[in-house]
Amino acid sequence: TVTEAVVADNSGQVIFGLRLKLDADQKLSEVETFVVRSGGFAFKPQGIVDSKKDDWESVLDPSERSTLEDMNAAANGYFDLFSKPDTKVPFGMPCYRLENGTLTTPGGDCGSGIPAGNLQMTHRRFPVVDLEAGITVGWVLFGGSLLDFHMFKFKGGKVQFINAVVGPNATASGW
């Protein structure tokens, strides 16, 4: 499971990212967390709270579902955009992206606002996929140095929403 949440700590509101894995015996076998505090990249916790209107939870009609392979390929393609701007990604229109709660696609085009350059998304992995809800989650080191996960919501083979939690600098993903 993956959770993106806004919680309070001694410093005020923080953005909290969490991944839990259960083993075959339904026992907790992995925990991965990070916290984004005030001053972090694009920090706007209220944007996450306001995004509760976005439909991340509904079970899709089988005709609107994508395969695990297609969802992960599209998410990989999105990460490729940062170093290969001609990469084709099946974005819906509209498609909205939040980065630490900040809307970075006000026009509804998830292909816009990608920094030009050669940003590498290293240590890519997709540990959580929900075929019924149309969600895949990609964990990367953004630009090779920032802990990051992007949640991608699909419907009818198209990316509808992207929510990213971009955390602190790291020298490794830990996995």
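1. Asn 100 is buried, with a relative accessible area of 0%. The model is a predicted one, and the points below should be read with that in mind. Asn 100 sits in the loop that runs between S4 and S5. In the hairpin of these two strands, which has 2 residues between them, Asn 100 adopts a positive phi near 50°.

2. The surroundings of Asn 100 come from several parts of the chain. Leaving aside neighbours within four places in sequence, Asn 100 is in contact with Ile 15, Val 36, Phe 41, Ala 42, Phe 43, Lys 44, Pro 45, Ile 48, Ala 164, Val 165 and Val 166. A polar atom of the Asn 100 side chain lies 2.7 Å from the backbone oxygen of Phe 41. Gly 40 is 60 residues from Asn 100 in sequence, yet the two C-alpha atoms are 8.4 Å apart in space.

3. The strands on either side of that loop, S4 and S5, pair in the antiparallel sense over 2 bridges. Leu 98 has Leu 103 of S5 as its bridge partner. S4 also pairs with strand S9 (residues 158-169), here in the parallel sense and over 5 bridges. Arg 97 stands opposite Ile 162 in S9.

4. How are the strands ordered in the sheet? The sheet is open and is formed by 6 strands in the order S5-S4-S9-S8-S7-S6, with mixed pairing. Strand S5 (102-103) and S6 are at the edges with a single partner strand each, so one side of each has no neighbour in the sheet. Further along the order, S7 and S8 pair in the antiparallel sense over 8 bridges. Phe 142 is bridged to Leu 146 in S8.

5. His 150 belongs to strand S8 (residues 146-155). Is this residue buried or exposed? His 150 counts as buried because its relative accessibility is 1%, and the cut-off for buried is under 20%. The side chains of His 150 and Asp 148 are joined by a polar contact of 2.7 Å. Not counting residues up to four places away in sequence, His 150 touches Tyr 78, Phe 79, Thr 136, Val 137, Gly 138, Phe 142, Ile 162, Asn 163 and Ala 164.

6. Tyr 78, one of the residues touched by His 150, lies in helix H2. Tyr 78 is buried, at 0% relative accessibility. With residues up to four places away in sequence left out, Tyr 78 touches Val 89, Phe 91, Arg 97, Glu 99, Cys 110, Ile 114, His 150, Phe 152 and Ile 162. Arg 97 and Ile 162 in this list are the pair that stand opposite each other, with Ile 162 in S9. Pro 90 is 12 residues from Tyr 78 along the chain, and their C-alpha atoms are separated by 9.1 Å.

7. Asn 72 is also found in helix H2 (residues 68-80). Asn 72 counts as buried at 13% relative accessibility. Beyond residues up to four places away in sequence, Asn 72 touches Phe 126, Val 129 and Thr 136. Thr 136 is also among the residues touched by His 150.

8. The largest pocket holds about 440 Å³ of space. Its lining has 18 residues, and those nearest the centre are Val 2, Trp 56, Glu 57, Ile 135 and Met 151. Strand S1 (2-9), helix H1 (45-50), strand S6 (122-130) and strand S7 (135-142) each contribute at least two lining residues. By residue class, the lining of the largest pocket divides into 10 nonpolar, 3 polar and 5 charged.

9. What is the volume of the second largest pocket? The value is about 160 Å³. This pocket is lined by Lys 44, Gly 47, Asp 50, Ser 51, Lys 53, Asp 54, Tyr 96, Leu 98, Gly 101, Leu 103 and Phe 161. At least two of the lining residues come from H1, and at least two from strand S4 (91-99). The lining of the second largest pocket is made up of 4 nonpolar, 3 polar and 4 charged residues. Leu 98 and Leu 103, both in this lining, are the bridge partners noted for S4 and S5. Lys 44, also in the lining, is one of the residues in contact with Asn 100.

Note on methods. Residues are numbered from 1 along each chain as its sequence is written. This is a predicted model: local features need pLDDT of at least 70, side-chain atom pairs count only at pLDDT 80 or more; totals for chains, interfaces and linings use all residues. Side-chain values use heavy atoms; hydrogens and water are left out. On a 1 Å grid over the protein atoms alone, a cavity is a set of points where a 1.4 Å probe fits but cannot get out, and a pocket is an open set with protein on both sides within 12 Å along at least five of seven lines; lining residues have an atom within 4 Å of a point. Grid points are joined across faces, edges and corners, and a volume is the space filled by probe spheres set on the points. Helices (H or I, at least four residues) and strands (E, at least two) are DSSP runs, numbered from the N terminus. Ala, Val, Leu, Ile, Met, Phe, Trp, Tyr, Cys and Pro count as nonpolar, Asp, Glu, Lys and Arg as charged, and the others, Gly among them, as polar. Buried means under 20% relative accessible area, exposed over 50%, partly exposed in between (1.4 Å probe, protein chains only). A polar contact is a pair of N or O atoms within 3.5 Å; within protein, one must be able to donate a hydrogen and the other to accept it, and residues adjacent in sequence count only if both atoms are side-chain atoms. Contact means heavy atoms within 4.5 Å. Two strands pair if DSSP finds at least two bridges between them.
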